[in-house]
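Hi,

Here is the structure I said I would pass on. Have a look, and my notes follow below.

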Amino acid sequence: AAPPPPMPEVGVLTVVAQTIPDDPEFIGQAEASRIVEIRSQVTGIIKEFFYREGRDVKKGDRLYQIDPVPFQAAVSSARAMVAQAEARGVQAKQNVDRVKPLLAEQAVSQKDVDDAVAEDLAAKAALESAKGQLVKAQFDLDNTLIIAPISGLIERTKFYEGRLISAQTDLLTVIHQVDPMYVVGSAPESYLLQRRRELATKKVQRPDLYQLKGRLTFVDGTTYPHEGKLDFASVGLSTETGSRQGRFVFPNHDRVLLPGQFVKIRVTGYTRTGAILVPQRA
């Protein structure tokens with residue numbers, strides 16, 4: 001006869017209610033924290049461009065040089081106009097100082113004095129106008145050298161040496177600030193409603209909204225070593241997706257995160273009270 005089967009072993013486990021982390025996970029996309037378009041403030045010919053495309057640039061680095069010769073000439077002309085206006089102002093003031101004492105002696109008419117005063121005022125106005133033209137000319141000359149307004153990764157240039165570019169119109173290139181990096185995720189309306197009910201009934205607790213943290217997982221399953229923090233939450237739902245966007249800020253010193261990259265973002269900071277955990281093998 002077959003031997004009797006062994007008695008089954010039955011394990012007993014006592015479970016208790018406890019407080020555990022309750023971290024939701026969403027799909028997120030990385031994007032640069034600043035995207036700056038580089039355009040010229042003046043119209044002119046590109047004489048030289050200095051950076052290496054697709055590389056890091058630092059704030060203040062030279063990017064483009066617009067041919068400065070016409071603008072240097074404009075500055076010289078404006079300075080001459082200022083000097084001319086100053087000479088005219090000196091002459092007008094001397095004329096006023098000369099005719100005013102003569103009026104008391106009735107050597108000149110009141111009209112002569114009025115004309116002298118008017119000429120003095122006109123000379124002062126002409127001087128201010130000339131100074132304004134000099135400021136504008138110097139501004140244009142300074143902007144023939146285009147520098148990087150931020151640090152980041154720079155795209156390829158859209159124009160090269162010898163190309164005529166128009167002021168504030170032609171897009172020369174774009175700089176992406178990738179440290180820090182933004183990761184934007186969306187929470188669906190169904191999740192938001194459920195979580196609101198759980199918070200209202202004290203089943204789930206969380207700190208202040210902007211104290212929530214984020215952890216990233218890449219598509220290959222590896223985790224990002226740095227923790228991010230919630231920086232922005234949209235005030236309403238998107239009419240297209242019915243979800244609410246949240247933006248997390250992550251340090252990106254080693255350039256692991258790239259603009260447009262898809263990741264999973266796990267939001268930490270929520271805790272669930274009164275949870276009963278049972279081992280998976282049970």
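Which residues of α2 are buried? They are Val-113, Ala-116, Asp-120, Ala-123, Leu-127, Ala-130, Ala-137, Asp-140 and Leu-141, where buried means under 20% relative accessible area with a 1.4 Å probe and protein chains only.

Before going on, bear in mind that this is a predicted model, with local features needing pLDDT of at least 70 and side-chain atom pairs pLDDT 80 or more, while totals for chains, interfaces and linings use all residues. Residues are numbered from 1 along each chain as its sequence is written, and side-chain values use heavy atoms, without hydrogens or water.

Back to the helix. α2 covers residues 110-142, and its end C-alpha atoms lie 48 Å apart, in agreement with the 48 Å expected for 33 residues at 1.5 Å a residue (the expected span is 1.5 Å times one less than the number of residues). Helices here are DSSP runs of H or I with at least four residues, and strands are runs of E with at least two, numbered from the N terminus.

Asp-140 sits in α2 and has a relative accessible area of 13%. Leaving aside neighbours within four places in sequence, Asp-140 is in contact with Val-42 and Phe-71, contact being heavy atoms within 4.5 Å.

One more thing: the lining of the largest pocket. Its residues divide into 16 nonpolar, four polar and five charged (nonpolar is Ala, Val, Leu, Ile, Met, Phe, Trp, Tyr, Cys and Pro; charged is Asp, Glu, Lys and Arg; polar is the others, Gly among them). A pocket is an open set of points on a 1 Å grid over the protein atoms alone where a 1.4 Å probe fits, with protein on both sides within 12 Å along at least five of seven lines, and lining residues have an atom within 4 Å of a point. The largest share of that lining, seven residues, comes from α3.

Cheers

Definitions and conventions:
Buried means under 20% relative accessible area, exposed over 50%, partly exposed in between (1.4 Å probe, protein chains only).
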